[in-house]
Amino acid sequence: MKAGSSKRIGLKLVLALAAASQMSMAQINVPTERYDNNRTGANLAETQLTTSSVNPTHFGKVWSWSVSGSVQAQPLYLTGVTMPNKVVRNLVFVATMNDVVYAFDADSSVNTPLWKVDLTQQTPMTTPVPVVDVTGDNFLNIVGNVGIESTPVIDTTTGTIYLVARTKTNGQYFQKLHALSILNGAEKFGGPVVISGSVPGTGVASSGGMLAFDPLMQNQRSSLALANGQVLLAWASHEDIDPYHGWVMSYDAATLKQTGIFQTTPSGDKGGVWMSGHAPAVDAAGNAYYISGNGDWDGTANFGESMLKFGTGAGQASRLNLVDWFTPDNYANLNAGDADLGSSGPILLPGTDLLVGGGKQSVLYVMHTTTNGQMGHEQTGNGQIVQNLYNNGGEIKGGPVYWNRAGGLGPWLYVWSNGGDYLKAYHFNGATLGTFNATPVSQSAIPSASGASGGVLTLSANGSKAGTGIVWSSMPLTDDGDHGVHQGVLRALNADDLKTELWDSQMVAARDGVGLWPKYAPPLVVNGRVYMASFAADGVGNSLVSVFGLLHPTFTMAATPLSRVVKPGGKTTFALTVTPLTGFNGAVSLSVSGLPRGATGVLSTAGLPKTSTLTVNTSYLTPVGSYPLVVTGVSGTGSAVTRIPLALALVVTAVGPGLGTISIDLVGNGTAMNKVETAGVVPRANWNEAMGGASTAELPLVDETGTRTAAKATWTSGTGANVWRLPIADAPGNTRMMAGYLDPLGGTATVMVQGLPVSPQGYDVYVYADGDNGGAARTGSYQIAGAGITTTTVNLTDAANANYAGKFVRAANGNGNYVRFTVQATGFTVTATPGATTDGAPRSPLNGVQIVPRDSVVAGPVFSPPAGSYPIAQNVVLESGVSGTVLYYTTNGTVPTTASTKYVKPIAVSGSTTVRAIAVAGGYSSLVTSASYVIAKP
């Protein structure tokens, strides 16, 4: 199959990611090709680049980075990543055809990357694959090397960037799946793994009734995707050179084990899945949609020229199953005319169950996807689908983008096809009709150049706000971009009126030139900047990643520190500095957003160079959690406005640093947890990783805030330091904590903890226990002892055929997967001793230990009105920031307990009174809070 021609087409981490992706001021993540799994190609959170600010006077190239090799992959972007040096940065990831991966500071012109990994250095005598080894020619679709060609994908929950690199080692060819840390590029999960596979079949190049994957001939052009914990990959050909087939594979994202394999033409030929680099669309259920190209079709085993829906859910032998498909009725004509349906990729229309896709025939097909068979399979006349939308232009390769606009002119679909066609917009009539108006609602005045030179599009807008929509197009400037290398151009057009070109890189070419066109790599538009890749002239040397943005910034912003920890009801400060750049002496206004409930932010400012203090005051109603804050500096007006966001982090914890819950993950044979993963009956982050079956060396322990405490732990597991893991699929959080364990076969396991801080109400110690015992039921005796502790034993029965499945069950001399002790001490020893068993193999697993200060879980009540002197009687209202709490209070000077008066209505205070109160939830009680009232009548 083709890789882009009409004839022959040859990142342990601390992430502020999950919350930071919701930041204001366009702070979004772009972890996958074309922004999201719908593949809409749209960033609808862009506030800085508007139809007023993007023009040759105020917008242009602000810097560029040099990288080794050509870039055919779209750069990816993560916001608010806390690096190993504790500095929070926005990152841009670039992968090249020389098998080199870079992580750059997205906001810095410094050419030195934060990290760089050359994957050819992992094995001696290794290089990227020279394209001449495949095609015999160095001036076809690909020039130079074939290394990392497709766009990687990032799992933000684990901080992992997945990619496929092609290498040549001592004359042998490999394709490998890599899983790299976003923090330093280190390999994860035992990677890389060599990609291989075979399927039964009698098609071209079969042998003995089997078809084997060929790492040299198969071209991994379609971008990677994640679905249901699986990494999805697809292959086509180089320049239609036989033998080749279309392949789709799935790999477990946590183990890198192959979980599924599909071949499009097992009893035929071709059927490549290339899509001009598009990633598959992935719906909310994890179904993945690919489009195949020229190839044999019979609707049973062979699926060339087809839209394919794959299920990726658990519970089946394969995690990749063809569940539905659509083939246009003229598939034979498409094959005969080299008119691949799969020359572009599909998109899912948000808020609908509709899929849109089309290829070289310049017809966009619209169909339902909700249930099997809704894609319509194949029928004469194609009447089974919703719409055949005739674009009446050249081949579609760059693919459509979609502005899901709720108001104004409504939702539009944009496409710029090859061969002198114009950028067109089609109005979507809504989910009820599910169709597009056949006549474009807007059309550009600029045609694409000759041949394979259509626009590779990205759309940016601030939601549905008028005057913010821009269509960005990467395309060849004047000639056919099919083979060889060609001058590129980046264009920006008004998304509401495509006849209006706002800016292009040739208007001030000496400043803004983009170099050689990066074939089918979309521009990345995010956070007020546009990142545009390019090709090396020989495909081997250096190329540039150009960065465009608003010109002549007038000031910079910084903060110390970048993160703070505070208790509910407390306050903290950040020191801000606004530094003017050359010649600037204007005013800068500051604002803060992202504050949690019950918190306020106060900014105090001074003169230039402007310094300011951000004081954050929380209340007892402020929920515990991690909150991304954004301080925004604004100067100027209209199109000359400079708006700079600065990302900070506020961590609200019910305890001070070093005084919170301490959690110990006994890793066993499982996977170590990341700091950001929360787990346990009392969900907390920053689990301490106890590696191996025994350790006499004391492990220093951090608490839930990540602060190192004076506490230390040692552990043992029988005479053989035995470890094991549950036969469950790895997943972050509870599952990962429960998976690995100490396994004292015939012996005892112990965990000793010393040096705990004094807790006024003592500690609850949770001991988690669940073993891989198959059909056997086993009982373990779990004991806690130590200075000042009444030795207590609880028996836990690990039921047969009952591995941890997402639910914690407390054992009280019966079935369960954890026991709980309460102690008033600064240290203890937990001992697990095997007892009765139904299979002769006594075991008492120890999966984890969690030490919870009893005064740390529930925040104390807040009083309204606050304590003070009042001229008249008051009705005092008590509130708690934790749902499900019960409040108790006293007014007679005694300490409140659960035997005190339960708060059900406002407390009438008519004289001088002190109200004391506690909040109780889930068996935990807050510290006592109080407020004194003086009623001083005039």
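**Group meeting: a walk through a predicted protein chain**

Good morning. The protein chain has 938 residues, and a compact globule of that length would have a radius of gyration near 30 Å; the chain has 31 Å, which agrees. Please keep in mind throughout that this is a predicted model.

Let me begin with the chain as a whole. Along its principal axes, the C-alpha trace spans about 90 × 80 × 55 Å. The secondary structure consists of five helices and 69 strands, and strands will accordingly take up most of this talk. Of the 938 residues, 59% are buried. The accessible surface comes to about 32,000 Å², and carbon and sulfur atoms account for 53% of that area. As for charge, the chain carries 51 positive and 54 negative charges, and the mean positions of the two groups lie 13 Å apart.

I now turn to the strands. As a reminder for those new to the subject, strands of a sheet pair through backbone hydrogen bonds, and they may do so in a parallel or an antiparallel manner.

My opening example is the strand β12, which covers residues 172-181. Is β12 mostly covered or mostly open? It is mostly covered, since seven of its 10 residues count as buried, that is, under 20% relative accessible area. On one side of the discussion stands β11, residues 160-169, which runs antiparallel to β12 and is joined to it by 10 bridges. Within this pair, K168 has Y173 of β12 as its bridge partner. The two strands form a hairpin with two residues between them, and N170 in the turn has a positive phi of about 50 degrees.

Strand β12 has a further partner, β13: these two pair in the antiparallel sense over two bridges. Here L177 is matched with V193 in β13. The loop between β12 and β13 contains P192, and the peptide bond leading from G191 into P192 is cis, with omega near 0 degrees.

There is another cis bond to point out. It joins D242 and P243, with omega about 0 degrees. P243 is placed in the loop between β17, residues 230-235, and β18, residues 247-252.

Next, two sheets. The one I show now is an open sheet of five strands in the order β2-β32-β33-β34-β35, and its pairing is mixed. At its edges are β2, residues 42-43, and β35, residues 501-504, each of which pairs on one side only. Inside the sheet, β32, residues 456-460, and β33, residues 470-476, are antiparallel to each other and share five bridges. Which residue of β33 is the bridge partner of S460? The partner is I470.

The other sheet is an open one of three strands, ordered β61-β63-β66, with antiparallel pairing. Its edge strands are β61, residues 862-864, and β66, residues 907-909, and each of them pairs on one side only. On average, neighbouring strands of this sheet are turned by 30 degrees against each other, direction ignored. Strand β63, residues 874-879, pairs with β66 in the antiparallel sense over three bridges, and N875 stands opposite A908 in β66.

Let me finish with some individual residues in loops. Two of them have a positive phi without being glycine. Y35 has a phi of about 80 degrees, and its place is in the loop between α1, residues 17-20, and β2. M125 has a phi near 60 degrees, and M125 belongs to the loop between β7, residues 115-118, and β8, residues 126-130.

Are these two residues buried or exposed? Y35 counts as buried because its relative accessibility is 8%, and the limit for buried is under 20%. M125, by contrast, is exposed, because its relative accessible area is 62% and the limit for exposed is over 50%.

My closing residue is T432, in the loop between β30, residues 422-427, and β31, residues 442-447. T432 is exposed, with a relative accessible area of 80%. How many residues separate T432 from T352 in sequence, and what is their distance in space? They are 80 residues apart in sequence and 9.0 Å apart in space, C-alpha to C-alpha.

Thank you for your attention.

Note on methods:
Residues numbered from 1 in each chain as written. Predicted model: local features only at pLDDT ≥ 70, side-chain atom pairs only at ≥ 80, totals over all residues. Heavy atoms only, no water. Pairing = 2+ DSSP bridges. Helix = DSSP H or I, 4+ residues; strand = E, 2+ residues; numbered from the N terminus. Buried < 20%, exposed > 50% of the residue type's maximum accessible area, 1.4 Å probe, protein only. Rg over C-alpha atoms; globule rule 2.2 N^0.38 Å. Areas by Shrake-Rupley, 256 points an atom, 1.4 Å probe, with all protein chains shown as cover. Lys, Arg positive; Asp, Glu negative; His and termini not counted. Charge placed at Lys NZ, Arg CZ, Asp CG, Glu CD. Axes fitted to C-alpha atoms, helices over the stretch in contact; angles between N-to-C directions.
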